[in-house]
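Visitor: I have a model open and would like to learn how to read it. Where do we begin?

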Amino acid sequence: MAALVPAGAHAGQASADFSVSLPVNAPNCSVTTSVADIRLPDAGSPMKKARAYLEAAGFSAASSLNSGYFHSAGFDQTATIKCTTPATPISSVVVQPASSASTRSAGVAKLLDSAGNAASGGKLLMGFEQVSINDQPLPWSYFRQPSTFLIEGLFYGGAINPYKPANALLTEAKPGGVVRVVWRPVLKTEDDAVALGEPKGHSFSSSGQIVVDY
């Protein structure tokens, strides 16, 4: 007589494992600027006073953001932030002196010749300001001026001042989407009567960098 298999009983069991994944593409961003070597107008003479040079070169008084500084739209630069992931949020942007620059206070640099001599004896200073983002005017000073006076040859109280948008600043909603930031150098002379001086190597210069957090 054949054996009976009780209802609901199983002869064996087989299984197959699987997983569920949620891909998230971490953004990879780069930043470039329109000109890698910004050339200011030739001063003509080492005897030219710093203030006279700025006015002759087309600079005008900057806004209250950078009181005492001079700027010129003729030296506007465009930084292009490009990210692989669409709509990448950009949390901060700053243009600041490079680590190799000779700074007077945070965010403000002196212009030096090839021997380390400073233009106008260190009285001619350079910082940076923001003009616009994606064609929308967004003036911003990338440095806070020192709130205290010169003490033993050093300024105290200045600070790097990144632009941190209150609302999300997103790249375009496509792979390789960009954000465009217009910025420019601002210059200040602490003594209008001091001549620029004659530089070793024929020019005074400084270096900067654009830093983007995302």
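Guide: With burial. This is a predicted model, and buried residues account for 33% of the 214 residues in the protein chain. A residue counts as buried when its relative accessible area is under 20%.

Visitor: How many helices and strands does the protein chain have?

Guide: The protein chain has 15 strands and 1 helix. For overall spread, the radius of gyration is set against a globule rule. Here the radius is 28 Å, well over the 17 Å that the rule gives for 214 residues, so the protein chain is more spread out than a compact globule. The box filled by its C-alpha atoms, taken along the principal axes, is roughly 120 × 40 × 35 Å.

Visitor: What share of the contacts in the protein chain with a separation of 6 or more comes from residues 24 or more positions apart?

Guide: Such residues account for 73% of those contacts.

Visitor: And what does the surface consist of?

Guide: The accessible surface of the protein chain is about 12900 Å², and carbon and sulfur atoms hold 54% of that. As for charge, there are 15 positive and 15 negative side chains, with the centres of the two sets 2 Å apart.

Visitor: Backbone angles next. Which residue, though not a glycine, has a positive phi of about 55°?

Guide: That is Ser120, in the loop between β8 (108-110) and β9 (124-133). Another residue other than glycine with a positive phi is Ala87, where the value is near 50°. Ala87 is also in a loop, the one between β4 (77-83) and β5 (89-90).

Visitor: Are Ser120 and Ala87 buried or exposed?

Guide: Relative accessibility decides: under 20% is buried, over 50% is exposed, and values in between are partly exposed. Ser120 is at 1%, so Ser120 counts as buried. Ala87 is at 30% and therefore counts as partly exposed.

Visitor: How would I read a single strand residue, say Gln77 in β4?

Guide: Take burial, then partners. Gln77 has 6% relative accessibility, so Gln77 counts as buried. Its side chain forms a polar contact of 3.2 Å with the side chain of Ser34.

Visitor: Which residues does Gln77 contact, leaving aside its neighbours within four places in sequence?

Guide: Thr33, Ser34, Val35 and Ile38 are in contact with Gln77, and so are Val181, Val182 and Trp183. Ser34 thus appears in the contact list of Gln77 and as its polar partner.

Methods:
Residues numbered from 1 in each chain as written. Predicted model: local features only at pLDDT ≥ 70, side-chain atom pairs only at ≥ 80, totals over all residues. Heavy atoms only, no water. Helix = DSSP H or I, 4+ residues; strand = E, 2+ residues; numbered from the N terminus. Rg over C-alpha atoms; globule rule 2.2 N^0.38 Å. Buried < 20%, exposed > 50% of the residue type's maximum accessible area, 1.4 Å probe, protein only. Contact = heavy atoms within 4.5 Å. Areas by Shrake-Rupley, 256 points an atom, 1.4 Å probe, with all protein chains shown as cover. Lys, Arg positive; Asp, Glu negative; His and termini not counted. Charge placed at Lys NZ, Arg CZ, Asp CG, Glu CD. Polar contact = N/O pair within 3.5 Å; in protein donor to acceptor, adjacent residues only side chain to side chain.
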